[in-house]
Amino acid sequence: MIRLKKPAEIDAMNEAGRVSAKALRKTGELVRPGISTLELNKFAENLIRMEGGIPAFLGYGGFTGSICSSINDQIVHGIPSSDAILQEGDIISIDTGAIVGGWVGDNAATFAVGAISPDAQRLLDVTEESLWAGIEALQVGGTLGDIGAAIQEVAEAADFGVVREYVGHGIGRAMHESPSVPNFGTRGKGPKLKAGLVIAIEPMINAGDYATKGPFEDRWTVFTADGSLSAHFEHTVALTSEGIVILTKE
């Protein structure tokens with residue numbers, strides 16, 4: 001069941017969103033060749049705690065990191081490790097989540113490691129553009145399918161693949177609530193969008209085919225089936241009677 005939030009509850013979610021956004025921005029600033037994803041994880045966890053939050057991912061379903069760190073052909077849910085050392089030309093998707101006052105904030109972005117190829121940069125640009133297209137489609141009286149269609153149109157116009165198996169989600173006192181928010185769809189289809197809806201919109205876009213493989217031994221990390229690069233951008237967004245509020249901003 002979709003649980004709409006009252007205006008006071010949306011206001012209360014602002015702090016969780018702010019902390020998650022700061023953790024993502026500051027951790028992204030550390031991305032460089034030679035740093036390990038475990039170092040990034042430690043920094044993000046410390047920052048979240050210093051800001052009065054609790055890392056939302058740590059221990060979730062047995063996950064051992066405070067961030068998800070997914071490199072190159074890893075789509076989502078990469079586990080931070082001292083063995084995962086970033087190299088010049090890599091791209092890395094970092095997903096951060098924070099709990100403050102019982103509310104959850106969740107966001108993600110993909111970062112360049114040093115100088116990256118024009119093709120990789122285009123993937124990052126288009127994926128971020130698709131996120132904003134999805135956010136703009138979040139309108140009272142619209143439908144859930146409008147969001148997915150807007151994302152899909154941007155990504156597929158660039159000949160990129162839109163991941164099917166992993167989607168956005170409702171968010172509130174739990175990290176994952178109803179509804180599921182696919183990054184593909186048909187305009188005019190699905191549940192009607194109403195004021196009070198709070199969702200995490202998070203396109204995961206592959207440079208090649210949309211098919212995935214995994215997770216394997218670690219039970220978490222998901223890869224592109226064809227080995228192509230993948231990018232991931234995400235915001236927690238509230239729909240109010242006055243319009244859209246992006247909660248994951250400082």
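**Sheet pairing, helix packing and local geometry**

Strands S3 and S12 (residues 222-224) pair in the antiparallel sense over two bridges, where pairing requires at least two DSSP bridges between the strands. Helices (H or I, at least four residues) and strands (E, at least two) are DSSP runs numbered from the N terminus. The model is predicted, so that local features require a pLDDT of at least 70 and side-chain atom pairs count only at pLDDT 80 or more, whereas totals for chains, interfaces and linings use all residues. Residues are numbered from 1 along each chain as its sequence is written, and side-chain values use heavy atoms, with hydrogens and water left out.

Within the pairing of S3 with S12, Gln74 stands opposite Phe223 of S12. The two strands belong to an open sheet of three strands, with the order S3-S12-S11 and antiparallel pairing. Strand S3 (74-76) and strand S11 (212-213) occupy the edges and each has a single partner strand, so one side of each is left without a neighbour in the sheet.

The loop between S11 and S12 contains Pro215. This proline is joined to Gly214 by a cis peptide bond, with omega at about 0°. Trp220 also lies in the loop between S11 and S12. Two aromatic pairs are present in the structure. In one of them, Phe63 and Trp220 are arranged edge-to-face, at 5.1 Å centre to centre and with 80° between the planes. Rings of Phe, Tyr and Trp (its six-membered ring) pair if their centres lie within 6.5 Å; planes under 30 degrees apart are stacked, over 60 edge-to-face and the rest tilted. Phe63 is located in the loop between strand S1 (54-55) and strand S2 (67-71), and Trp220 in the loop between S11 and S12, so the pair ties together parts 157 residues apart in sequence.

A second open sheet comprises five strands in the order S8-S7-S9-S14-S15, again with antiparallel pairing. The edge positions are held by S8 and strand S15 (243-246), each with a single partner strand, so one side of each has no neighbour in the sheet. From one strand to the next, the twist averages 25°; axes are lines fitted to C-alpha atoms, for helices over the stretch in contact, and angles run from 0 to 180 degrees between N-to-C directions.

At the S8 edge, strand S7 (residues 168-170) and strand S8 (residues 177-181) run antiparallel and are joined by three bridges. A hairpin of six residues connects S7 to S8. His169 has Ser180 of S8 as its bridge partner, and Gly170 stands opposite Glu177 of S8. Strand S8 also contains Pro179, which is linked to Ser178 by a cis peptide bond with omega of about 5°. Most residues other than glycine have a negative phi, and most peptide bonds are trans.

Two helices pack on this five-stranded sheet. Helix H3 lies across strand S9 (198-201), strand S14 (235-240) and S15, running at about 20° to S14. Helix H4 touches S8 and S9, and its direction makes about 40° with that of S8; contact denotes heavy atoms within 4.5 Å.

H3 (residues 118-136) and H4 (residues 144-157) also pack on each other, at an angle of about 155° and with their axes 8 Å apart. The two helices are therefore roughly antiparallel (angles under 35 degrees are roughly parallel, over 145 roughly antiparallel, 65 to 115 roughly perpendicular and the rest oblique). Val126, Glu129, Ser130, Ala133 and Gly134 of H3 make the contact with Ile147, Ala150, Ile151, Val154 and Ala155 of H4. By class, this contact of H3 with H4 has seven nonpolar, two polar and one charged residues; Ala, Val, Leu, Ile, Met, Phe, Trp, Tyr, Cys and Pro count as nonpolar, Asp, Glu, Lys and Arg as charged, and the others, Gly among them, as polar. The loop between H4 and strand S6 (161-162) includes Asp159. Although not a glycine, Asp159 has a positive phi of about 65°.

Helix H1 (residues 7-29) and helix H2 (residues 37-50) form a further packed pair, whose axes come within 9 Å and cross at roughly 145°. Val19, Lys22, Ala23, Lys26 and Thr27 of H1 meet Leu40, Phe43, Ala44, Leu47 and Ile48 of H2. The contact of H1 with H2 has, by class, seven nonpolar, one polar and two charged residues.
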